[in-house]
Amino acid sequence: MDVLSIHNLRKNFGGKEVLRGIAMSVPEHSIFGFIGKNGAGKTTTMKTILGLLKVDCGEIHVMGEKVRFGQTSTNRHIGYLPDVPEFYSYMTPYEYLTFCGNICGMDEADIATRGKELLYLVGLGQERHRIKGFSRGMKQRLGIAQALLNRPKLLICDEPTSALDPVGRKEILDVLLAAREQTTVLFSTHILSDVERICTEAAFLHDGSIAMQGTIAQLRSRRSSDEFIVETERKEDADTLMQVFGDLQRAEQNALMFHGGEDCFFAIMRYITENRIPVQKIERMEPTLESLFLEVAT
Ligand SMILES: Nc1ncnc2c1ncn2[C@@H]1O[C@H](COP(=O)(O)OP(=O)(O)O)[C@@H](O)[C@H]1O
Ligand SMILES: [Mg+2]
């Protein structure tokens, strides 16, 4: 089942078409990476999912229910972490979650158990300090705990890792992975390695539409790479291959990399076989999400 589906979504700001007919679906229990450059329209899309922005055209369904601008009923299924979350900085994390739980109308006992459970999930279980001393990463993690408080079916995080250092990013990615046990996760990013690390599915937003989407394996297999590495056992064999085939590049002492179709590949294999060159390894390079993205985005 799809937790979220978007059909032909269009949105313009003052005549500038930012979204030009987006179609996207997010299956239940996926970790979905919503990829796009700065200004591509990721935040705009998320705000329309939350009913915070009026769309020009198109439909959005959350848990099968139609999203309507200005109405919040579909948001009971959603937990949302905005790109720059704001908190009452004089509160401790636990006080903050209690405050949010009260606003949502959760009962006291539920707030207490759920609040503690979530603070442990995001690595703030022992934290007694006030939010004002928190690092950006800690604030993002608290924001995720808050977004998960009333057990949403869909957790939406807007660029949760973008402003963080590598350690802070890894902590957030680990929290999102753990959150997947209880919900579906949709997060936006321009950092492709984050998507490769945790996502099961992804979509590329480019030029106002979804240029590609699917499982990570599907995305990779859309373009089988024409990059190979051949590693010989002896350095002198690598040298010979370099001389015979001009367009090889040296990746390491004995390892040569080349771009080229099947003809090039078989010519090199034939030479290796005919001259009985001992080979350590032959590898076809997997295309990275980064290379796929650059292909659609340029
Ligand atoms: N309220 C607004 N009024 C006018 N233009 C906007 C508004 N919100 C966003 N935009 C424009 O829409 C485009 C997409 O913005 P945004 O959705 O924030 O991109 P992203 O989150 O992918 O970086 C940008 O060119 C931005 O300047
Ligand atoms: Mg944004």
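The following dialogue asks how several descriptions of this predicted model are justified.

Biologist: How do you know what confidence the predictor has in the chain?

Modeller: The pLDDT of the chain averages 93, and 99% of the residues score at least 70. Confidence is lowest in helix α10, residues 289-297, with a mean of 80. It is highest in strand β7, residues 154-157, at 98.

Biologist: Which residues are around ligand 1?

Modeller: They are F13, K16, V18, K37, N38, G39, A40, G41, K42, T43 and T44. The criterion is a heavy atom within 4 Å of the molecule. By class, this shell has 3 nonpolar, 5 polar and 3 charged residues.

Biologist: What makes the approach of T44 to ligand 1 a polar contact?

Modeller: An N or O atom in the side chain of T44 is 2.5 Å from an oxygen atom of ligand 1. The limit for such a pair is 3.5 Å, so the approach of T44 qualifies as a polar contact. T43 also places a polar side-chain atom 2.8 Å from a ligand 1 oxygen. For G41 the atom belongs to the backbone, an N or O lying 2.9 Å from an oxygen of ligand 1. Taken alone, ligand 1 exposes 560 Å², and the protein buries 58% of that.

Biologist: Which elements give two or more residues to the shell around ligand 1?

Modeller: They are β2, residues 16-27, and α1, residues 42-49. Helix α1 gives the most, with 3 residues.

Biologist: Why is α1 called largely enclosed?

Modeller: Helix α1 is described in this way because 6 of its 8 residues are buried. The buried residues are K42, T44, T45, M46, T48 and I49. Just after α1, G51 takes a positive phi of about 75 degrees.

Biologist: What is the phi of M63, and is M63 buried or exposed?

Modeller: M63 has a positive phi of about 50 degrees, although it is not a glycine. M63 belongs to the loop between β4 (57-62) and β5 (65-66). Its relative accessibility is 18%, and the cut-off for buried is under 20%, so M63 counts as buried.

Biologist: Why is D207 called exposed?

Modeller: Exposed requires over 50% relative accessible area, and D207 has 54%, so D207 counts as exposed. D207 is found in the loop between β9 (201-206) and β10 (209-215). D207 is a residue other than glycine with a positive phi, near 55 degrees.

Biologist: How many disulfides does the structure hold?

Modeller: The structure holds 0 disulfides. A disulfide is a covalent bond between the sulfur atoms of two cysteines.

Biologist: How do you know that C104 and C157 form no such bond?

Modeller: For C104, the closest cysteine sulfur is in C100, at 6.8 Å. The cut-off is 2.5 Å, so that sulfur is too far for a bond. For C157, the closest cysteine sulfur is in C199, at 11 Å, which is likewise too far for a bond.

Biologist: What makes C104 partly exposed, and how is C157 classed?

Modeller: C104 has a relative accessible area of 45%, which lies between 20% and 50%, so C104 is partly exposed. C157 is at 0%, under the 20% cut-off, and therefore counts as buried.

Biologist: Why is M242 called partly exposed?

Modeller: M242 is at 26% relative accessibility, between the 20% and 50% cut-offs, so M242 counts as partly exposed. M242 sits in helix α8, residues 235-244. From M242 to Y120 the C-alpha distance is 56 Å, and the two are 122 residues apart in sequence.

Biologist: What makes T183 a buried residue, and which backbone atoms does its side chain reach?

Modeller: T183 is at 2% relative accessibility, under the 20% cut-off, so T183 counts as buried. Its place is in the loop between α5 (166-179) and β8 (184-189). A polar atom of the T183 side chain lies 2.9 Å from the backbone oxygen of P152. The side chain of T183 also reaches the backbone nitrogen of L154 at 3.4 Å. Both distances are within 3.5 Å, so both pairs meet the limit for a polar contact.

Biologist: Why is T232 called buried?

Modeller: T232 has a relative accessible area of 1%, under the 20% cut-off, and therefore is buried. T232 is found in strand β11, residues 227-232. T232 and A255 are 23 residues apart in sequence, with a C-alpha to C-alpha distance of 6.5 Å.

Technical notes: Residues are numbered from 1 along each chain as its sequence is written. Chains are lettered from A and ligands numbered from 1 in the order in which they are written. Side-chain values use heavy atoms; hydrogens and water are left out. A polar contact is a pair of N or O atoms within 3.5 Å; within protein, one must be able to donate a hydrogen and the other to accept it, and residues adjacent in sequence count only if both atoms are side-chain atoms. Accessible areas come from the Shrake-Rupley method with a 1.4 Å probe; for residues, only the protein chains shown count as cover. Helices (H or I, at least four residues) and strands (E, at least two) are DSSP runs, numbered from the N terminus. Ala, Val, Leu, Ile, Met, Phe, Trp, Tyr, Cys and Pro count as nonpolar, Asp, Glu, Lys and Arg as charged, and the others, Gly among them, as polar. pLDDT is the predictor's confidence in each residue, from 0 to 100. Buried means under 20% relative accessible area, exposed over 50%, partly exposed in between (1.4 Å probe, protein chains only).
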